[in-house]
Amino acid sequence: CKILRCNSEYVAATLHLRGPGRGTAFCTALRSYSLCTRRTARTCRGDLAFHSAVHGIEDLMIQNNCSKEGPTAPPRPRPPAPNPQGFESLDICDYERSFLYKHGRPPGFQHCAAFGDPHIRTFHDDFHTCRVEGSWPLLDNNYLFVQATSSPVAKGSNATVTSKLTIIFKNMKECIDQKVYQAELDNVPAAFQDGSVNGGTRPGGSSLVIWERSPGRHVEIRADYIGTTIAVRQAGRQLSFSIRAAEEVARAFTEEQDLQLCVGGCPHSQRMSRSPRGRGRVPAETARALCREMLPVEDVYFQSCVFDVVTSGDTNFTMAAHGALEDARLFLPDAKKLHIFQ
């Protein structure tokens, strides 16, 4: 079965196509890809990569309004032989590109967020409000370790907020040195702990980069070598965390790494209702009006905003929920899952 050859020829033909004028060339490449898969159909009938490529081509042709009839590109020279890891040496620190090279389709992604009280949106789109105090792991896998430290939102309150975030990008010998990022209230740096802004001196060091989106308030960390983007924000007296991670990366953990709030949500004993009882610091109707200005859809982000403003009396929590929703809008692979209603 020569489906990998078809995949690599398609990648080579479309790698540099960008912008609105790419349509004709892209459709030509897709028709060539389709022709190549048809030629291998007999020997590839039982190959999952072959069937994945066939369905992927059909979807891409529909999305790009490509006709099945038309010119096809001549076959390109075969790319260099892959190294023992199965990637082109050029692509080893570009996860999306190497995944496409190997599988003939883009990778899948998952999204997790922690903001406000904290509220956790897991990779599986479950949504919990937690009373966790102290340090808890959001992620603990073969590539990343993320720990959130929480403290009470106000004296005598059961509600907590994230006051510190520690993110460890684990050593990956071809690409990056181990890097540690740490943010605390009023200190959201645009650099790793060692003062660097990228993955170090290794050949793929530029595949890990920090971008400052708003000085002291919002940074974005792009880890292209694992197909992952992280956003860290401060709104009022709390930090928030959002991640878009490749499915393969999010699932790369063992049974011993079982406590991850992004995977399983907060433990049952730590979950809270988002309907605070008793007197809050702000009347519920006032909180609802404030949150509605930033969050017109009354989903879990809106409910979380109301809960946080009532509990804390801090109107900056409207910005925390709004920021989490904006991250979800950017990071979620399926826009239909943006809003969760409970």
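**Exercise 1. The strand 1 hairpin**

Find which strand forms a hairpin with strand 1, and which turn residue has a positive phi.

*Solution.* Start with the hairpin itself: strand 1 and strand 2 form it with three residues between them, and Gly116 in the turn has a positive phi of about 65 degrees. Strands here are DSSP runs of E with at least two residues, helices are runs of H or I with at least four, and both are numbered from the N terminus. This is a predicted model, in which local features need pLDDT of at least 70 and side-chain atom pairs count only at pLDDT 80 or more, while totals for chains, interfaces and linings use all residues. Residues are numbered from 1 along each chain as its sequence is written, and side-chain values use heavy atoms, with hydrogens and water left out.

Next, look at the pairing. Strand 2 covers residues 119-121 and runs antiparallel to strand 1, joined to it by three bridges; two strands count as paired if DSSP finds at least two bridges between them. Ala114 has Ile120 as its bridge partner in strand 2.

Then turn to strand 11. Strand 1 pairs with strand 11 in the antiparallel sense too, over six bridges, and the partner of Phe109 there is Ala246.

**Exercise 2. Burial of strand 1**

Work out how many residues of strand 1 are buried, and which residues lie on each side.

*Solution.* Strand 1 spans residues 109-115, and seven of its seven residues are buried, so the strand is largely enclosed by the rest of the structure. Buried means under 20% relative accessible area, exposed means over 50%, and partly exposed lies in between (1.4 Å probe, protein chains only). Now split the strand by side: Phe109, His111, Ala113 and Phe115 are on one, with Gln110, Cys112 and Ala114 on the other. Both faces are covered.

**Exercise 3. The open sheet**

Give the strand order of the open sheet and say which strands stand at its edges.

*Solution.* Four strands make up this sheet in the order 4-5-6-7, with antiparallel pairing. Strand 4 (134-140) and strand 7 (179-184) are at the edges; each has a single partner strand, so one side of each is left without a neighbour in the sheet. From one strand to the next, the twist averages 20 degrees (axes are lines fitted to C-alpha atoms, for helices over the stretch in contact, and angles run from 0 to 180 degrees between N-to-C directions).

For a closer look at one pair, take strand 6 (residues 160-169): six bridges link it to strand 7 in the antiparallel sense. Thr166 has Gln182 as its bridge partner in strand 7.

**Exercise 4. The buried side of helix 5**

List the buried residues of helix 5 and explain why they lie on the same side.

*Solution.* Helix 5 (residues 95-103) has Tyr95, Ser98, Phe99 and Tyr101 as its buried residues. They cover an arc of only 160 degrees around the axis, which puts them on the same side of the helix; the arc is that of the directions from the helix axis to the C-beta atoms. Their cover includes helix 1 (3-14), strand 11 (238-246) and helix 6 (247-250). After helix 5 comes Gly104, with a positive phi near 75 degrees.

**Exercise 5. One residue of helix 6**

Decide whether Ala250 is buried or exposed, and name what it touches.

*Solution.* Ala250 belongs to helix 6. Its relative accessible area is 3%, so Ala250 is buried. Leaving out residues up to four places away in sequence, Ala250 touches Gln110, Phe123, Asn141 and Ala245 (contact means heavy atoms within 4.5 Å).

**Exercise 6. A buried glycine**

Locate Gly199 and list its contacts.

*Solution.* Gly199 sits in the loop between strand 7 and strand 8 (208-214). With 0% relative accessibility, Gly199 counts as buried. Setting aside neighbours within four places in sequence, its contacts are Cys175, Ile176, Asp177, Lys179, Gly205 and Leu208. For Cys175, the separation from Gly199 is 24 residues in sequence and 7.4 Å in space, C-alpha to C-alpha.
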